[in-house]
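Colleague: Could you walk me through this model? I have some questions about its fold.

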Amino acid sequence: MKVLDQHTNILIERCKKGDKAAQFAIYKQYYKAMYNTALRIVNDSFEAEDVMQESFLAAFTKLHTFSKTVTFGAWLKRIVINNSITALKKNNKLETVSIDNVSIKEVEEESQDYSGLNVKEILGKINDLKNNYKVALTLYLIEGYDYEEIAHILEISYENSRTTISRAKNKLRQLLSYENERQFR
C-alpha cells in the first residue's frame, strides 16, 4: 500500500470520528481534482463549486458507507459525477433520447491528422458539444468509464449509452475537422 493511501486511510478514520482538521486535510487533498471533474460536466464554475461542496458534505456524512474496495478518490469522484449529473438534470440541461427514437447510420471513418491541435482546443470543442454529448464523452474519454457504467450513471440503456458516445465522437470529429481545416488555410 502506498504511503499516500495509508495517510489518507488514517485521515478517513479520523474523519469518521468527527475530526474537523482531518476533514480539512482530505478536502485540501482532493478539492482541485473534484472541482475539475464537476466543471467538465456542468460547464459552469459557480455550479461546479456548489457541486463540489455538496459532494464533500455528502461524502463526510456517508463516510461509514465507504468500503475501501476502491480508493477514496475514486469513491469521492463517483459522488461528484452523480451530483454533477443531478445538477444538469435539475437545470434541464441534460437531454436524453430514447433508443426507440434513434436511427443508426454507419459512418465512414476518415483519417484526419489532428496533430496540429492541442489539448486545450480539444477540451474546448468537447465543451461546445450538447450537454448530453459532453457528459457522455467526458465520462468515457476523460474519466475512463465504460458504456455499461455510463448507462448506469446516466440512467439510460446500454444501447443508448453506446449510441450517444458514438454520436458525440462523430460530432467532436466534425468540430475538430473544421478547426483543423481553419488552421491550415
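Below, a colleague asks and a modeller answers.

Modeller: Happy to help, with two notes before we start. This is a predicted model, in which local features need pLDDT of at least 70 and side-chain atom pairs count only at pLDDT 80 or more, while totals for chains, interfaces and linings use all residues. Residues are numbered from 1 along each chain as its sequence is written, and side-chain values use heavy atoms, with hydrogens and water left out.

Colleague: Thanks! What does the secondary structure of the protein chain come to?

Modeller: Helices (H or I, at least four residues) and strands (E, at least two) are DSSP runs, numbered from the N terminus. Read from that end, the elements run α-α-α-α-α-α-α-α. The count is therefore 8 helices and 0 strands.

Colleague: Which helix gives the largest share of the largest nonpolar core?

Modeller: A nonpolar core is a set of buried Ala, Val, Leu, Ile, Met, Phe, Trp, Tyr and Cys residues joined through side-chain atoms within 4.5 Å; buried means under 20% relative accessible area, exposed over 50%, partly exposed in between (1.4 Å probe, protein chains only). The largest core here has 48 residues, and Ile 26, Phe 56, Phe 72, Ile 85 and Leu 139 have the most contacts inside it. At least two residues each come from helices 1, 2, 3, 4, 6, 7 and 8. The largest share, 9 residues, comes from helix 4.

Colleague: Which residues does Leu 139 touch, beyond those up to four places away in sequence?

Modeller: Contact means heavy atoms within 4.5 Å, and Leu 139 is one of the core residues with the most contacts inside that core. Its partners are Ile 41, Ile 81, Ile 85, Gly 144, Tyr 145, Ile 150, Ile 153 and Leu 154.

Colleague: Why are the buried residues of helix 7 on the same side?

Modeller: The buried set is Tyr 147, Ile 150, Ala 151, Ile 153 and Leu 154. The arc is that of the directions from the helix axis to the C-beta atoms. On the other side of helix 7, Glu 148 and His 152 are exposed. The buried residues share a side because they cover an arc of only 165°.

Colleague: Which residue caps the N-terminal end of helix 7?

Modeller: Look at the backbone nitrogen of Glu 148: a side-chain oxygen lies 3.2 Å from it. That oxygen, and so the cap, belongs to Asp 146.

Colleague: Is Glu 155, with its positive phi, buried or exposed?

Modeller: Glu 155 follows helix 7 and is found in the loop between helix 7 and helix 8. Its phi is near 60°, although it is a residue other than glycine. Its relative accessibility is 64%, so Glu 155 counts as exposed.

Colleague: And Thr 37 in helix 2, is that buried or exposed?

Modeller: Leaving aside neighbours within four places in sequence, Thr 37 is in contact with Lys 77, Val 80, Ile 81 and Glu 143. Its relative accessibility is 1%, so Thr 37 counts as buried.

Colleague: One more: what is the centre-to-centre distance in the aromatic pair of Tyr 140 and Tyr 147?

Modeller: Rings of Phe, Tyr and Trp (its six-membered ring) pair if their centres lie within 6.5 Å; planes under 30 degrees apart count as stacked, over 60 as edge-to-face and the rest as tilted. The whole structure has 9 aromatic pairs. Tyr 140 and Tyr 147 are stacked, with 15° between the planes and a centre-to-centre distance of 5.1 Å.

Methods: A polar contact is a pair of N or O atoms within 3.5 Å; within protein, one must be able to donate a hydrogen and the other to accept it, and residues adjacent in sequence count only if both atoms are side-chain atoms.
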